[in-house]
Amino acid sequence: MADTTVIEPLTPSHHAPRRTRRGLNERKEGWVALFFLLPNSLGFFVFSAFPIIAAFVLSFYDWDLLLGARFNGITNYLQLFSDDVFRSALLNTVYFVVVSVPLTVVIGLAVAVLVNQPLRGMAFFRSVFLLPYITLTVAIALVWKWLYLPDVGLINQVLGVFGIHGPAWLTDPIWAMPGVILLSIWKSFGYNMVLFLAGLQGIPQNLYEAASIDGATRWQRFRYVTLPLLSPVTFFVVVISTIGSFQVFDQALVMTQGGPGVATTTLVLYIYQVGFQSYHMGYASAIALVLFAIVFAFTLIQFWFQRHLVTYE
Amino acid sequence: MSSITNTNGTGMARKSSSSKRRRRDLLMAVSSYLLLAVLAFITLIPIFWMILSSFKSQNEVLHFPPTWLPEVWHPDNYIQAINFAPFGQYLLNTLFIALTITVIVVTTSGMAAYAFARLRFRGRDLLFLVYLSTLMVPGQVTIIPLFILMRNLGWIDTYQGLIIPQAFSAFGTFLLRQFFLTIPYELEDAARIDGASRFRCFFQIIVPLAGPALASLAVFSFLYQWNNLLWPLIMSNSDATFPIAVGLRNFQGQFANVWNLLMAAATMATIPVIAVYLFTQRWFVKGIVISGFGGR
């Protein structure tokens, strides 16, 4: 579906006459191009591209806002290996990703299939399911924090009705992360639903008809038509959910501030603490670059798959 | 199951199987609705809970068992919350910051995207590659150098410090370029032959045709900025510049367990985005799809 957008509309018939004019056009259009580009490119280089390079440089410095900068080579990176909080933050983030991504993807897909049926009122349900995604994270994390309270929280009271003695959630080192994950799933499955819906609507209807004529059951149609045809979309959703989840921050900050102990300290939360509460800017940059390396790896995997994955189109 | 019906030869069997199928479809529809209703209920509980609790008294929010509807409605919770922290100011700050960023993003990215999609100039592909490569870098990598830059510029705790660094990511340019490429060349070529300048082409052909894409980017960027926490958390440190997300977080620090006031504040922070979402949903959904798939 989205493949159509990258097709450069340079048809052969266009190509031939263009080439003769090209040299002249290029010179003449240089100034026009500059006019169109300048406002954006200026801001882009100063506030987007340059800071990326600066982050690399900074990660080799000991920079604490008050004392100024001192070059210290790879010390920051070596320090990562002996930093227990960093190790916890990395592991916590991986834990968050490994649990929340599969669940948001599966729930997103299931809900997309449900609301993709030709039934009345589906538009309403779609709106409802996307609603959590747009609510302010700080506000809604606050609500969940209250819902999670061990004694007066709604969740444990509901569990109590079924005779289940709920855990202490955010104040329990074991249950705090599942609590953060649950909120995150609630918040983002609707986003995945939208992407899956776009994918589902790209599957030709006649394939389903053909499968029905061949006597395929509903489940068989899903298993042998929908799932394989949706696999590029699914893969894509998994990758962007993974990249997004590695950057989890807001909910951890509001609900637990990384605690109890360091049970919910995520990579970005740790970057924030090191950089803006302890003001070790150089070390914080080194941690940020670890995050970048992880995201970069997933981006590469994605590029590789796009080249090699069968897309059935 | 339906494979059995196909092997059945007689008309009688086919008839009864088709009514069986209709019954199964109905059952499927009913169970789908039931499932959807339960899911929708779970999805909406936290939001309803927030709104309803914001009207309860301080005793009632701690009631056991909890009440759904407030026994006595307390709209004065909102006045109390505003008396403790200037939420009106926070909301105006957020609106101003998010709107300004959105306007800058849409206009400058639109122009740059036009240059990348339609104009021929030296170094175009290289420059675009630079834009593209920054898309792989998570925003948290740049906040530290940006913060130092802001400090040197003296932009800490200012509107420009909250706005300008957030308004020039490669994302919008990339998104719009992909969309502009799908607009047929013929339209513009015809206008060019009639003597229209590139500027006229941009404003009179590309911009009108790209309306939905521009609207999607605008809605997406606005809602994203409304929700943005990390950058303003670092940048602003006074009521004059706090956006609602940071204001609410500070409020939480002061009124940790006053749940009715916290919920009133949270509701004030959330209702505006929900309203924007309900009115612009179509573009927002489109924005998710085109940004999600990013023209890949």
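Helix 10 (residues 198-209) of chain B makes a good place to start in this predicted model. Its twelve residues, at 1.5 Å each, should span 16 Å, and the end C-alpha atoms lie 15 Å apart, which agrees. From there, the briefing turns to the domains of chain B, a hairpin in chain A and the contact between the chains.

**Helix 10 of chain B**
- The buried residues of this helix are Arg198(B), Phe202(B) and Ile206(B).
- These residues cover an arc of only 45° around the axis, so they sit on the same side of helix 10 of chain B.

**Domains of chain B**
- The domain assignment splits out domain 1 (2-53) and domain 2 (84-293) in chain B.
- Taken over C-alpha atoms, the centres of domain 1 of chain B and domain 2 of chain B are 41 Å apart.

**A hairpin in chain A**
- Strand 1 (residues 61-64) and strand 2 (residues 68-71) of chain A run antiparallel and are joined by four bridges.
- Three residues make the hairpin connection from strand 1 of chain A to strand 2 of chain A.
- If you would like a pair to look for, Asp62(A) has Arg70(A), in strand 2 of chain A, as its bridge partner.

**Where the chains meet**
- Chain A brings 82 residues to the contact, and chain B brings 84 residues.
- On the side of chain A that touches chain B, helix 1 (residues 12-58) of chain A gives the most, with 23 residues.
- Sorted by class, that side of chain A holds 56 nonpolar, 21 polar and five charged residues.

How values were computed. Residues numbered from 1 in each chain as written. Chains lettered and ligands numbered in written order. Predicted model: local features only at pLDDT ≥ 70, side-chain atom pairs only at ≥ 80, totals over all residues. Domains from an automatic or database assignment. Pairing = 2+ DSSP bridges. Helix = DSSP H or I, 4+ residues; strand = E, 2+ residues; numbered from the N terminus. Contact = placed C-beta atoms within 7 Å. Nonpolar A, V, L, I, M, F, W, Y, C, P; charged D, E, K, R; others polar. Expected span 1.5 Å × (residues − 1). Buried ≥ 20, exposed ≤ 12 C-beta atoms within 10 Å, placed from the backbone. Arc of directions from axis to C-beta.
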